[in-house]
Amino acid sequence: EEAVANNNRNTTASRLPIPSLRRADRSKPYDYLIVGAGFAGSVLAERLAAGSGKRVLVCDKRPHVAGNAYDHYDEHGVLVHRYGPHIFHTNSEEIFAYLSRFTRWRPYEHRVLADVGGKLLPMPINRTTLNGLYGLDLRDEGQAAAFLASRAEPVADIRTSRDVVVSAVGTDLYETFFQGYTRKQWGLDPSELDKAVTARVPTRTSMDDRYFLDTYQAMPADGFTAMFEAMLDHPNITLELGVDFEELRAEGLAPKLIFTGPIDAYYGHRFGALPYRSLRFQHETLDQRRFQPVAVVNYPAETVPYTRITEYKYLTGQVHPKTSISFEFACAEGDPYYPIPRPENQALFKQYEALARAERDVTFVGRLGTYRYYNMDQVVGQALATHRKLVGAAASIEAA
Ligand code: FAD
Ligand code: UDP
């Protein structure tokens, strides 16, 4: 079960500075200042430095690299994800091959159970979920599809996150699995959110209980942070951690800027604040090997204050006599984690995007910079495409 032994990384909570962590040399010319050392900023730093010979200064206001994908050994020596469970999955061979330059992988297929009144049922909804919830004996995909069809309530124009679920599985399953979870997660009713949000979670008539069906599903063998350290370890990259862009803004350290923080913050919120959903994590370590049967158990009931509990050893494969878990609470205030997909927010973003389009030397990338509910692989893809555009544009300017 616990397939991979503890790896050779430092298992104390405090770790040595990473090799490329140097104070910025103010007299040294940089070609690019990159704000944010998450996927967007780190992929662009690596491509510009190693791929295009540019000198790059990366700053992040947090004291570590990897953005929200940051993982570290907690005080008990268990590898945990500080900002909640991150599972890598993609259908893109290019993206997987690119990241494979910086890490080995541990195969991992994610499974999630939903706690419905103490009963643990597969999520996304599949045939096992239906049989378990209603005490049915649906034997094949046809029977499950017929059952769902008998429950589904057609919606003429599917626009919201309520429409998308109710039209597929009906009100009862919607209320059981989606309504409460979504209200807690977003502070909004599903009828107030774009359909794309709950459409991330499909409905199945098979008994496949994997959360993702992508071609590539794996975790970095030594963790995400180690992968980022390898990506950023280049003589042309200088890192300043624990440094906010606002502290550097006036210094004119580089002619080009790549900004992966919230786009509305860059513009001083001049059209009003773009709404982002925040999270609070309660991390605990238990003196037992296992806590729950899978990596993530969702709690869709509104009476339970948290949305899900994650047990990290399933994700990392670490062997350890203790186990670390986190309870996840969603909230309005705090670091921005999720753009909130709904029409009025998109309209506000478009105002900021118009300012961004008029910039010659500033590029916005990433989940916060482009206000898109992107997974990690999508951000990597966006960053690789941005690099191609930047160097393509530079090459054509030089040629002119
Ligand atoms: P971030 O990782 O947010 O990085 C932006 C960085 O910019 C941050 O480190 C921030 O500190 C820094 N910054 C912002 N403003 C400033 C400033 N003014 N000065 C200096 N630095 C600044 N994706 C998946 O593919 N699979 C998953 O299982 C998955 N699970 C997730 C679970 C949770 C709880 C969350 C929140 C996200 C999850 N994601 C998952 C999405 C994934 O986290 C993102 O796609 C990815 O991390 C985005 O990278 P980024 O570089 O755009 O942003
Ligand atoms: N969702 C839900 N119940 C669940 C799982 C998901 O209602 O058990 C909804 C919820 O609105 C959530 C969205 O589907 O925000 C997308 O789920 P996903 O697991 O992709 O969210 P993430 O991992 O990005 O937080």
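**Briefing: helix α1, a three-stranded sheet and the shell around ligand 2**

In helix α1, the buried residues are F39, A40, G41, S42, V43, L44, A45, E46, R47, L48 and A49. The helix, which spans residues 39-51, is thus described as mostly covered, with 11 of its 13 residues buried. The structure is a predicted model. Beyond α1, this briefing covers an open sheet of three strands and the residues that surround ligand 2.

**Helix α1**
- Among the buried residues of α1 are the charged pair E46 and R47.
- After α1 comes G53, which has a positive phi, near 65°.

**The open sheet**
- The sheet is built from three strands in the order β5-β9-β6, and their pairing is antiparallel.
- Strands β5 (88-90) and β6 (105-107) each have a single partner strand and stand at the edges, so one side of each lacks a neighbour in the sheet.
- From one strand to the next, the twist averages 40°.
- Three bridges join β5 to strand β9 (residues 216-220) in the antiparallel sense.
- H89 has Q217 in β9 as its bridge partner.

**The shell around ligand 2**
- Ligand 2 is surrounded by 13 residues, of which F178, Y181, T182, R200 and N298 are the closest.
- Two elements, α5 (161-186) and α6 (195-198), give two or more residues each to this shell.
- The most is given by α5, which supplies five residues.
- By character, the shell around ligand 2 comprises eight nonpolar residues, four polar residues and one charged residue.

Terms used
Residues are numbered from 1 along each chain as its sequence is written. Chains are lettered from A and ligands numbered from 1 in the order in which they are written. This is a predicted model: local features need pLDDT of at least 70, side-chain atom pairs count only at pLDDT 80 or more; totals for chains, interfaces and linings use all residues. Two strands pair if DSSP finds at least two bridges between them. Helices (H or I, at least four residues) and strands (E, at least two) are DSSP runs, numbered from the N terminus. Axes are lines fitted to C-alpha atoms, for helices over the stretch in contact, and angles run from 0 to 180 degrees between N-to-C directions. A residue is near a molecule or strand if its C-beta atom, placed from the backbone, lies within 6 Å of it. A residue is buried if 20 or more other C-beta atoms lie within 10 Å of its own, exposed if 12 or fewer, and partly exposed in between; C-beta atoms are placed from the backbone.
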